[in-house]
Amino acid sequence: MDGSIQPDDAEAVRRTQRQTQRVDRLKTVMSKTQDVEPKKSKLPRHLAILKELISDFGKWLAQPYNVDVEIPDSDDEENAPQAEAQDLPRKTWREKLHTVVVSNGFEATSCFLVIANLAFLGVQANCNGGCGTYTTAMLSTFDNFFTATFLLEWLLCVTAHGGSYFTTPETVMANMLDTFIVWVVGVFL
């Protein structure tokens, strides 16, 4: 051996560095602000509390939905030597997309869209042919909007997770059900 790092060792080092960076980010976001003496604010107390709540909510939205999620390896290996030479962490577009897809904000938005879609489906079922043409057209437009939105969400998830979207044992059933609902119920029906 000439003392150089082997490819397997380099990958293990990069994986450990990414894990450490994730833990450090979570510690930073999750750290209590009670340890720091609060700044004197010129805002009234209720507005200062509201500002703090909004700030905490913004931090929560950016956090990963599941802390144990492993970011997929880059498909873009030709830029890796340049990033190591500069000693700067570089994320590929797929890693950036994965960060967005596994965030609380993405999950919360998806849940909100599902609930809104259920409300419109309830209105549509209540009409059952007894609504005017304007209402029927509006409901049809919302139905197409939700179908397109759920299809986009599915495409983003599949792109971000790659092949593991259909093979991860913990989520394979939920992801197959999501695929069935989006494609068969949403797109084809």
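Helices here are DSSP runs of H or I at least four residues long, numbered from the N terminus. Keep that in mind as you click through, and remember that this is a predicted model.

**Whole chain**

Start with everything shown as cartoon. You'll find seven helices and zero strands, so to speak an α-α-α-α-α-α-α pattern when read along the sequence. Colour by burial and 22% of the 189 residues count as buried. The accessible surface comes to about 14,200 Å², and 63% of that belongs to carbon and sulfur atoms. If you like contact maps, take the contacts with a separation of 6 or more: residues 24 or more positions apart account for 71% of them.

**Stop 1: helix α5**

Select residues 104-127. That's α5, with 24 residues. From first C-alpha to last the helix reaches 35 Å, close to the 34 Å expected at 1.5 Å a residue. Now show side chains for Asn104, Gly105, Phe106, Ser110, Leu113, Ala116, Asn117 and Cys127, which are buried. Which helices do the buried residues of α5 pack against? Add α2 (45-62), α4 (93-101) and α6 (133-161) to the selection and you have them.

Before leaving, click on asparagine 128, which follows α5. Its phi is positive, near 45 degrees.

**Stop 2: asparagine 117**

Go back into α5 and centre on asparagine 117. Is this residue buried or exposed? At 15% relative accessibility, asparagine 117 counts as buried, because the cut-off is under 20%. Leave aside its neighbours within four places in sequence, and asparagine 117 is in contact with Phe146 and Phe150. Try a distance label to phenylalanine 146: the two residues are 29 apart in sequence, yet 6.6 Å apart in space, C-alpha to C-alpha.

**Stop 3: the aromatics**

Those phenylalanines lead to the next selection. Pick Phe120, Phe142, Phe145, Phe146 and Phe150, which form one aromatic cluster. How many aromatic pairs turn up in a search of the whole structure? The search finds 10. Zoom in on phenylalanine 145 and phenylalanine 146: their ring centres are 5.3 Å apart and their planes sit at 65 degrees, so this pair is edge-to-face. Switch on a surface and compare the two partners. Phenylalanine 145 is partly exposed, with a relative accessible area of 45%, whereas phenylalanine 146 is buried at 3%.

For another pair, select tryptophan 183 and phenylalanine 188. This one is tilted, with 6.0 Å centre to centre and 40 degrees between the planes. Tryptophan 183 counts as partly exposed at 27% relative accessibility, while phenylalanine 188 is exposed, with a relative accessible area of 61%.

**Stop 4: threonine 179**

Last selection: helix α7, residues 172-188, where threonine 179 is found. Threonine 179 counts as buried, at 16% relative accessibility. Which side chain does the side chain of threonine 179 make a polar contact with? Draw the line to the side chain of tryptophan 154, and you should read 2.8 Å. Then widen the view to the other neighbours. Not counting residues up to four places away in sequence, threonine 179 touches Trp154, Tyr165, Phe166 and Val184.

Notes:
Residues are numbered from 1 along each chain as its sequence is written. This is a predicted model: local features need pLDDT of at least 70, side-chain atom pairs count only at pLDDT 80 or more; totals for chains, interfaces and linings use all residues. Side-chain values use heavy atoms; hydrogens and water are left out. Helices (H or I, at least four residues) and strands (E, at least two) are DSSP runs, numbered from the N terminus. The expected span of a helix is 1.5 Å times one less than its number of residues. Buried means under 20% relative accessible area, exposed over 50%, partly exposed in between (1.4 Å probe, protein chains only). Contact means heavy atoms within 4.5 Å. Rings of Phe, Tyr and Trp (its six-membered ring) pair if their centres lie within 6.5 Å; planes under 30 degrees apart count as stacked, over 60 as edge-to-face and the rest as tilted. A polar contact is a pair of N or O atoms within 3.5 Å; within protein, one must be able to donate a hydrogen and the other to accept it, and residues adjacent in sequence count only if both atoms are side-chain atoms. Accessible areas come from the Shrake-Rupley method with a 1.4 Å probe; for residues, only the protein chains shown count as cover.
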